[in-house]
Amino acid sequence: MVRLSRCACSILSLTVLAVSHNAAGETVHVQTPSTSLVLEANKGEELKFVYYGTRLGAEEIPGIVAAGIPDAKAYAAYGKYPDDETSLWVVHSDGNMTSRLVVRDVVTDSAGGSFVTKVMTSDDVYPFDVDVCYRTYPDSEVFETWTEITSREKGEVLLTHYDSAYLPVHMGNVWVSHMAGTWANESRIVEEPLLPGVMRIRNKDGVRNSQTSRAEVMLSLDGPPHERHGATIGAVLCYSGNYVMDIETHTGRYHHFRAGINPDNSSYRLKPGERFVTPPVAMTFSLEGKGGVSRNFHRWGRKHILRHGDSPRKVLLNSWEGVYFDIDEPKMVAMMKDAAALGGELFVMDDGWFGGKYQRNDDSKALGDWVTDRRKLPHGLNALADSARVASVGFGLWLEPEMADISSEIYEKHPDWVLKASRRDIVAGRGGSQVVLDFSNPKVRDYAVDVVDRILKENPGIEYIKWDSNSGIYMHGSQHLSKEKQSHLYIDWHKGFEEVLKRVRERHPDIVMQACGGGGGRVNWGVLRYFDEFWTSDNTDPLQRIYMQWGTSHFYPAIAMGAHISASPNHQTRRSTPIKFRADVAMSGRLGIELQPKEMTEEERNVCRQAIADYKSVRGTIQFGDLYRLVSPYDRLGVASLMYVSPQKDDAVVFWYRTEPFAGQILPMVKLDGLDRERMYTVTELNRIDDTPMPFEGKSYSGAFLMDNGLDIPYRHDVPDDRKSEYSSRVLHLHSR
């Protein structure tokens, strides 16, 4: 149950996982610097949930435990009162479908800079164990929770439902914020009250899991969500596969939140002695509304999950929308030089560079045949890497190691390596050509690892990989798994996928990798422990990106969010927007370019060059600063605005976009946030195109004034009539000396 206490009296400098004794038995106190999670773990009894909220002092806990929380089990198994929803459903080796988990012991440990506690529970009749685990970090407000399930029974045990986490939330005016979308329209925010019934968020793609719904929620406990205030819980399932999040609301005391692997068609057989580990759910709590929850996740992700989370990301030019499959050596070399001339630091050659017997001129052939197409690139990848070095940019490459085409040499040699149901014709995706390799098969995993390893060893100049995944599972079936284990497919595929990533990272720890899933299909903290960033969406239209990046920012930091300046008219929406608007939107993430520089006008080159230079000057604040969302595009006020503030609060970058151009429109004053009220900040406009500066250009204002009053930002650019556009935008740099 979630209940709010007064703010913690003191905040320790270290996170502690403490087990204390009281009259009722053992109390587990999981702490972050500002929050507490309290469990009652009496031996021989079921584990109970007592409290989650602001940090408690040790003297407060006995009274809270003594107050009693009826029927708030922390991880209940199906059995007693079978009409209740529970976290674990098991069929024991003798066919018994009931279980009752009681506490056996509590152990704590510290490793790798984190603290872990395990509440060890066992069935009170069967030799069947479930450890409920919690991990915290000394410098993070996020904790992770998962379960480790082990059978000691003589025969196989069948797992039919296996949540990672359960959280009872006291009934009230609770609202949920979550994501919905589709390809090219990912991460659209949905906010609604919790009403009687079951709210279910789920994915069954099989390979990617964030292009439609996402395994992420925020629960606002004090009514409709707010950015700056209100008790709010955030939860993310850190997993790359099929998932389900349920919030059950009936007439009792609590809303019941559960999250874990989607059990549909995924019952799992445990052999004697075998252990099943569920993916972690990361949770955090803040009194600072959705914004506080986001900042908690961003800091935790940068410090503890994201690869190279403390290293600035380079500005790159990706070849995809510039030339698509029309790749050849002269074009690539020319694009490298153009990228460098614009201020880019990295060039990434996308799809179309490979093929032997089959040539990769579209998306229907050669996938899986990872040999350089010498008809297009006669001097190979090393020569391109050398050319990039001469142009003073890094060199990156597109790969899709999980997939193959039916028209490919790898499929002709190993048709048994792809996912396919027995006795049925194969079903292929992406226009009927693409098939998914079976990562439950160790031979296939070896092949995928060797592909990446070989390319990187043979071409040491490659410093970046865009790792794509353009198909889901269109037919349930593994040619490797036995008939008894076909229901293991979705889970074993992702176990294999994780093994592949681990092995690649062991061999190539310094390579920078982007997670792409046919656009935004691979945006998940479970994947990002192996990647440096993700591709937010295949849709690069700046107006639509404002909405998608806004949603994505609820759980993911700017340093990981690929955002590119693309051509106009946009290739997905055909909308025409000015280069400044495109640049200003892309600058709020990890800035990149995705177009053919040869087709840019001189004005576009100049604006783009200035935007990249300005971005580099404030890159540290954007990529490592704290995010404050100021005005939401979803509020339909005609403007969207957000800002990043450095941890020291001496530097800030404000983004302002006009989203709904109407004549005679009155736009709101935007009050800033996150600044030091006592500091004076000098305002400078970045990427300015106006002939005259704004009235407050170069002036200094107190943090208090900027947060209490804001600035009246002009929504028309002072430019000649032939350059005017309905899409205006501003980027302001605030610096305190």
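User: Contact means heavy atoms within 4.5 Å; with which residues is His564 in contact, leaving aside its neighbours within four places in sequence?

Analyst: This is a predicted model, in which local features need pLDDT of at least 70 and side-chain atom pairs count only at pLDDT 80 or more, while totals for chains, interfaces and linings use all residues. Residues are numbered from 1 along each chain as its sequence is written, and side-chain values use heavy atoms, with hydrogens and water left out. Beyond those neighbours, His564 is in contact with Leu316, Asn318, Trp535, Thr540, Ala586, Arg590, Gly592, Ile593 and Glu594. His564 itself is found in strand E29 (a DSSP run of E, at least two residues, numbered from the N terminus; helices are runs of H or I, at least four).

User: Why is His564 called buried?

Analyst: Its relative accessibility is 7%. Buried means under 20% relative accessible area (exposed is over 50%, partly exposed in between; 1.4 Å probe, protein chains only), so His564 counts as buried.

User: What makes the pairing of His564 with Glu594 a polar contact?

Analyst: The term requires N or O atoms within 3.5 Å, within protein one able to donate a hydrogen and the other to accept it; residues adjacent in sequence count only if both atoms are side-chain atoms. The side chains of His564 and Glu594 are joined at 2.7 Å, and those of His564 and Arg590 at 3.1 Å; both therefore qualify under the 3.5 Å limit.

User: How do you know that strands E22 and E23 pair?

Analyst: Pairing needs at least two DSSP bridges. Four bridges join E22 (residues 346-349) to E23 (residues 394-399), and the two run parallel. In one of them, Met349 has Leu397 of E23 as its partner. Helix H5 (residues 380-390) packs on the sheet, touching E22, E23 and strand E26 (462-467), and its direction makes about 140° with that of E23 (axes are lines fitted to C-alpha atoms, for helices over the stretch in contact; angles run from 0 to 180 degrees between N-to-C directions).

User: Into what larger arrangement do these strands enter?

Analyst: Strands E21-E22-E23-E26-E27-E28-E29-E30 form a closed barrel of eight strands with parallel pairing. On average, neighbouring strands of this sheet are turned by 30° against each other, direction ignored.

User: Why does Cys133 form no disulfide?

Analyst: A disulfide is a pair of cysteine sulfur atoms within 2.5 Å. The closest cysteine sulfur to that of Cys133, in Cys238, is 14 Å away, so the distance is too far for a bond. Cys133 is also buried, at 0% relative accessible area. By this rule the model has zero disulfides.

Key:
Contact = heavy atoms within 4.5 Å.
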